[in-house]
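Here are my notes from a read through this one, jotted down for whoever picks it up next. Have the sequence open next to the viewer as you go.

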Amino acid sequence: MIWVWTGEIPQQPLPFVPTLEQKECDVAIHSHFVMNCHPNVVMINPIDAQHLNTVHQLPIEVFFERQELNENAIIFTNTTPIKDNSSFIKIIRLFYKNAITYSICYWYGSISIATLGPDFFHVHTMLAVRLHEGGKAEGQILLITKKRKGIFGWLCNRIVLWLTKIAGKFFFMGDIKVLQTIQFDLKTPIKVDQPIMQFINHVENSNP
Ligand SMILES: [Fe+2]
């Protein structure tokens, strides 16, 4: 990936994974795509809580907490408490201390970094989009995880990134269908739509 600053001297930092700012990472290149919808539609997808239930059939409601990292970066973190005492939930609790890890960090309104995985192994999916000809969205996905020591750490990272790539493709298939046909008519937003409005406000108020 080559990041280009169109002015003489870069005024803003490169986007980074909030927990890995100064750390070494292992990276895998995922897919490059062109989609028949505006880039903004692609961007809001991970914080569109309603689509998590309808498109991805997630059995729980997701609530996000917002945090401004700086004037150009905003983070939405899943804070839904893990309730219920079923045996399935008990297994989930072994991997997640508080809420299930799902957070999205947006940079410049055109890059999203989704953080997933159990507490001991986070994987980050970076999605960079730009406007393509004909009002379409062109995007590139990168998978990132913290560098781990030794040959075992290296192998572990390669396997996890590869598995994430497969899982990502599966999720993306569901999104492709809705993103290209979605019609926004946000007249009476409900509580779960709030992150989308917060994101739009953040982008409109930040530096270009
Ligand atoms: Fe999605």
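The points below go through a helix, the cysteines and two backbone oddities.

1. Before anything else, keep in mind that this is a predicted model. Everything here is computed from it, and residues are numbered from 1 along each chain as its sequence is written.

2. Start with α4, residues 150-179. This helix has 30 residues and runs 41 Å from its first C-alpha to its last, close to the 44 Å expected at 1.5 Å a residue.

3. Now look at what α4 tucks away. Its buried residues are Gly 153, Asn 157, Val 160, Leu 161, Thr 164, Phe 172, Asp 175 and Leu 179. The cover over them includes three strands, β1 (25-35), β6 (123-131) and β7 (137-146), along with the helices α1 (39-44) and α2 (49-54). It helps to recall that an α-helix has 3.6 residues a turn, so residues three or four places apart point the same way.

4. There's also a greasy spot to check. Ile 151, Phe 152, Trp 154, Leu 155, Ile 159, Trp 162, Leu 163 and Ile 166 together make a nonpolar surface patch of about 920 Å². Take Phe 152 from that list: this residue sits in α4, and it counts as exposed because its relative accessibility is 66%, where the cut-off for exposed is over 50%.

5. How many disulfides does a search of the whole structure find? Zero. For Cys 105, the closest cysteine sulfur is in Cys 25, and at 13 Å that is too far for a bond. Cys 156 has its closest cysteine sulfur in Cys 25 too, 15 Å away, so a bond is again out of reach. For scale, a disulfide would need the two sulfurs within 2.5 Å.

6. If you're wondering about the surroundings of those two cysteines, Cys 105 is buried, with a relative accessible area of 2%. Cys 156, at 24% relative accessibility, counts as partly exposed.

7. Last, the backbone. Most residues other than glycine have a negative phi. Gln 57 goes the other way, with a positive phi near 55 degrees. You'll find Gln 57 in the loop between α2 and β2 (64-70), and at 61% relative accessibility it counts as exposed.

8. Tyr 108 is another non-glycine residue with a positive phi, about 55 degrees. Its place is the loop between β4 (102-107) and β5 (111-116). With a relative accessible area of 25%, Tyr 108 is partly exposed.

Notes
This is a predicted model: local features need pLDDT of at least 70, side-chain atom pairs count only at pLDDT 80 or more; totals for chains, interfaces and linings use all residues. Side-chain values use heavy atoms; hydrogens and water are left out. Patches are made of residues with over 30% relative accessible area and no salt bridge: like charges are joined within 9 Å, nonpolar side chains (Val, Leu, Ile, Met, Phe, Trp, Tyr) within 5 Å. Accessible areas come from the Shrake-Rupley method with a 1.4 Å probe; for residues, only the protein chains shown count as cover. A salt bridge is a side-chain nitrogen of Lys or Arg within 4 Å of a carboxyl oxygen of Asp or Glu. Helices (H or I, at least four residues) and strands (E, at least two) are DSSP runs, numbered from the N terminus. Buried means under 20% relative accessible area, exposed over 50%, partly exposed in between (1.4 Å probe, protein chains only). The expected span of a helix is 1.5 Å times one less than its number of residues. Contact means heavy atoms within 4.5 Å.
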